[in-house]
Amino acid sequence: LKSGLRKNVTPYINAFSAIPVPLITPYALNLLPTFKAASIFLIWLAAFWVILGTTIGAVMSIDKRYLENAATLEMPNMEKLFKVILPAASPAILVGCSVALILSFMMLAVAEMFGAKAGMAFFVQYYSDFAKFDVVMLGFLFTSTVLVSIMYLFDKIKHRILHWTINN
């Protein structure tokens with residue numbers, strides 16, 4: 001059942017995840033009822049494929065011995081999920097979450113540049129149209145500072161979650 005499901009679903013995941021999310025931006029802006037809904041959808045979509053892909057890869061790369069030991073101990077499936085699979089896959093899943101967070105910020109900027117009336121990417125686009133590059137650079141620096149701060153906070157959370165790994 002598991003391998004049949006994987007065999008049937010994987011081509012769809014590969015096909016849909018290969019579509020660059022910025023290409024979907026004009027469609028989302030025109031088909032969804034509000035700019036906010038389109039932005040949320042695009043940001044979610046950018047993060048979803050990365051997290052899904054890294055989660056699948058992380059689970060598929062778990063050493064079989066862990067699962068065999070869990071079967072020998074006759075662990076129930078839920079216990080196996082929370083005590084074997086998630087701890088073994090969580091380092092790779094959280095790396096995917098880091099990448100997804102950065103991609104989400106990129107998609108936020110793309111969405112703001114397409115149709116927002118506020119936001120840092122709108123600010124940068126607006127002042128670049130007037131060739132006020134000193135103000136544009138200030139927008140870049142502010143946006144970079146916010147992103148670095150959020151990534152630092154996420155890294156602290158990640159290290160706390162993965163306290164048992166060798167790098168902590």
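**Salt bridges, a pocket and two loops**

Lys158 and Asp155 stand 3 residues apart in helix 7, so about one helical turn separates them; helices here are DSSP runs of H or I with at least four residues, numbered from the N terminus. The model is a predicted one, in which local features need pLDDT of at least 70 and side-chain atom pairs count only at pLDDT 80 or more, whereas totals for chains, interfaces and linings use all residues. Residues are numbered from 1 along each chain as its sequence is written, and side-chain values rest on heavy atoms, with hydrogens and water left out.

With that numbering in hand, the pair in helix 7 can be taken further. Lys158 forms a salt bridge with Asp155, and their closest N and O atoms are 3.7 Å apart, a salt bridge being a side-chain nitrogen of Lys or Arg within 4 Å of a carboxyl oxygen of Asp or Glu. The partners fall into separate accessibility classes: Lys158 counts as buried, because its relative accessibility is 17%, while Asp155 counts as partly exposed at 31%. These classes are set by relative accessible area, with buried under 20%, exposed over 50% and partly exposed in between (1.4 Å probe, protein chains only).

How many salt bridges does the structure hold? The structure holds 3 salt bridges, and another of them is found in helix 5, where Glu79 pairs with Lys83 at 3.6 Å between the closest N and O atoms. Glu79 and Lys83 are 4 residues apart in helix 5, which is about one turn of the helix. Glu79 is partly exposed, with a relative accessible area of 31%, and Lys83, at 55%, counts as exposed. The remaining bridge joins the side chains of Asp63 and Arg65, for which the N to O distance is 2.5 Å. Here Asp63 is partly exposed, its relative accessibility being 28%, and Arg65 is exposed, at 56%.

A comparison of positions links the salt bridges of helix 5 and helix 7. Asp155, which lies in helix 7, and Glu79 are 76 residues apart along the chain, and their C-alpha atoms are separated by 27 Å. Two further pairs begin in helix 3 (residues 35-60), where Leu52 is found. The C-alpha atoms of Leu52 and Cys97 are separated by 9.5 Å, although the two residues are 45 apart along the chain; Leu52 counts as partly exposed, at 23% relative accessibility. Ser39 is also found in helix 3, and between Ser39 and Phe130 the C-alpha to C-alpha distance is 25 Å, with their positions 91 residues apart in sequence. Ser39 is buried, because its relative accessible area is 9%.

Attention can now turn to the space between the helices. The second largest pocket has a volume of about 340 Å³, and of the 17 residues that line this pocket, those closest to its centre are Phe105, Ala109, Met120, Ala121 and Thr143. A pocket, on a 1 Å grid over the protein atoms alone with a 1.4 Å probe, is an open set of points with protein on both sides within 12 Å along at least five of seven lines, and lining residues have an atom within 4 Å of a point; volume is the space filled by probe spheres set on these points, which are joined across faces, edges and corners. Which helices each supply at least two residues of the lining? Helix 5 (77-115), helix 6 (120-129) and helix 7 (133-161) each do so. The lining of the second largest pocket divides into 13 nonpolar residues, 3 polar ones and 1 charged one, where Ala, Val, Leu, Ile, Met, Phe, Trp, Tyr, Cys and Pro count as nonpolar, Asp, Glu, Lys and Arg as charged, and the others, Gly among them, as polar.

Two loops complete the account of the backbone. In the loop between helix 4 (64-72) and helix 5 lies Glu74, which has a positive phi of about 55° although it is not a glycine. Glu74 is exposed, because its relative accessible area is 69%. Ala131 sits in the loop between helix 6 and helix 7, and its phi is near 60°, again a positive value in a residue other than glycine. Ala131 counts as partly exposed, with a relative accessible area of 49%.

Towards the start of the chain, helix 2 (residues 21-31) contains Leu23, and Leu23 is exposed, with a relative accessible area of 55%.
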